[in-house]
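User: I am new to this structure and would like a close look at one part of it: how the strands and their side chains are arranged. Please explain each term when it comes up.

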Amino acid sequence: DDPWEIAYDRNKNEMFVLAGTNVDNVFTSDNSGLKWDENKLSSKFGVYGDPVVHIASDTQYYFCHLSKTPEKKHPEMFDRIVFQTSKDRGETWNNGDTIGFNDNKMQDKPWIGVDDKKKSKYKGRIYVSWTEFDKYKSKNKSDKSRIRIVHSQDTMEGFTSAITVSDTTGDCLDGDNTLEGATTAVGKNGEIYVVWAGHNFIYFDKSIDGGDTFGKDKIIAKQLSGWNQDIPEVYRTNSMPFIQTNSKGHIFVVYGDTVHGDHDIFLITSRDGGETWTPPTRVITTK
């Protein structure tokens, strides 16, 4: 029940690997994962699930996770996102920055994006996106979910105040009508792209000013079965979207769906900054 999140050093040495689990374990390897060293992550804000890890350089390892705020119980203890940094390849970690605290609303499912594009004037900027719940599991229709994002300050010390990316909202039931799974990718000129799922659709939005403002949401794919899919004997098979770009600026989004009657992975692509998208291509099937 402890999913892993893994990153490797794409910049200098692919032998270095960083991994985190859904509790407070952090693992590092200097031989491509053949041997691992295990440490414990700690923070005054608590350490809980939804780990996300990223290696920006030899001296910049990032670990993002949910809080476990002291003196609060589940789910109220998830009242912020915690972002921790290591400068010694994961041997030690700072106490962490808090992101997104907002009047005790729940903050869930973070993702890290880093601008490493040579032509970007925002090169080095860190983005963290996630879902905010007014009240987790609430059946009250006035309680909503939305997609939020921050970016690092130019001084690399702390983060900006959170802004809302999604133009629409979802419910708070943590199901198909909840806005979830916000992941990011950076374009070749520093554009920041965000995708997420909800209401049986895949949504897309982008910023061209380094994450200060975003445009109008675009529905780029239907998701017949929604993101909350169940596969027998597999724990928590959420089919939320994932986004990536290449050196040419092309955008790729993958997500899961059951449109053909089985659980498949689909790919859609844009070559014009997200203005138009290819029809879905089935790339992985369970048949």
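Analyst: Rings of Phe, Tyr and Trp (for Trp, the six-membered ring) pair if their centres lie within 6.5 Å; planes under 30 degrees apart count as stacked, over 60 as edge-to-face, and the rest as tilted. The model is predicted, so local features need pLDDT of at least 70 and side-chain atom pairs count only at pLDDT 80 or more, while totals for chains, interfaces and linings use all residues. Residues are numbered from 1 along each chain as its sequence is written, and side-chain values use heavy atoms, with hydrogens and water left out.

By this rule the structure holds 11 aromatic pairs. One of them joins Phe201 and Tyr203 edge-to-face, with the centres 6.3 Å apart and an angle of 75° between the planes. The two rings can also be described by their cover (buried means under 20% relative accessible area, exposed over 50%, and partly exposed in between, with a 1.4 Å probe and protein chains only). Tyr203 counts as buried because its relative accessibility is 7%. Phe201 has a relative accessible area of 26%, so Phe201 is partly exposed. Elsewhere, Tyr62, Phe83 and Phe159 make up one aromatic cluster.

Next come the strands and sheets. Strands (E, at least two residues), like helices (H or I, at least four), are DSSP runs numbered from the N terminus. Two strands pair if DSSP finds at least two bridges between them. Strands of a sheet pair through backbone hydrogen bonds, either parallel or antiparallel.

One open sheet has 4 strands in the order 13-14-15-16, paired antiparallel. Strand 13 (180–186) and strand 16 (218–222) are the edge strands, and each of them pairs on one side only. Neighbouring strands in this sheet are turned against each other by 25° on average, direction ignored. For such angles, axes are lines fitted to C-alpha atoms (for helices, over the stretch in contact), and angles run from 0 to 180 degrees between N-to-C directions. Within the sheet, strand 14 (residues 192–198) and strand 15 (residues 201–207) run antiparallel and are joined by 7 bridges. Across this pairing, Val195 stands opposite Phe204 of strand 15.

Another open sheet also has 4 strands, in the order 1-2-3-4, with antiparallel pairing. Its edges are strand 1 (5–8) and strand 4 (37–40); each has a single partner strand, so one side of each has no neighbour in the sheet. The average turn between neighbouring strands here is 20°, direction ignored. Strand 2 (residues 17–20) pairs antiparallel with strand 3 (residues 25–29) over 4 bridges. In that pairing, Ala19 has Phe27 of strand 3 as its bridge partner.

Strand 17 (residues 242–245) and strand 18 (residues 251–257) are paired as well, in the antiparallel sense over 4 bridges. The hairpin they form has 5 residues between the strands, and Gly249 takes a positive phi near 90° in the hairpin. In a regular strand the side chains alternate between the two faces of the sheet. In strand 17, the covered face holds Ile243 and Thr245, and the uncovered face holds Phe242 and Gln244. Ile243 has Val253 in strand 18 as its bridge partner.

Charged side chains also link strands. Side chains of opposite charge can pair when their charged atoms come close. A salt bridge here is a side-chain nitrogen of Lys or Arg within 4 Å of a carboxyl oxygen of Asp or Glu. There are 11 salt bridges in the structure.

Arg148 and Glu132 form one of them, at 3.7 Å from N to O. Arg148 belongs to strand 11 (residues 145–151) and Glu132 to strand 10 (residues 126–133), so distant parts of the chain, 16 residues apart, are linked. Arg148 and Glu132 are both buried.

Asp134 meets Arg146 in a salt bridge with the closest N and O atoms 3.0 Å apart. Here Asp134 lies in the loop between strand 10 and strand 11, and Arg146 lies in strand 11, 12 residues apart. Asp134 is buried because its relative accessible area is 19%, and Arg146 counts as buried at 14%.

Asp264 and Arg282 form a further salt bridge, with 3.2 Å between the closest N and O atoms. Asp264 is in strand 19 (residues 264–270) and Arg282 in strand 20, so this pair ties together parts 18 residues apart in sequence. Asp264 counts as buried at 2% relative accessibility, whereas Arg282, at 38%, counts as partly exposed. Finally, salt bridges with shared partners join Lys105, Glu132, Asp134, Arg146 and Arg148 into one network.
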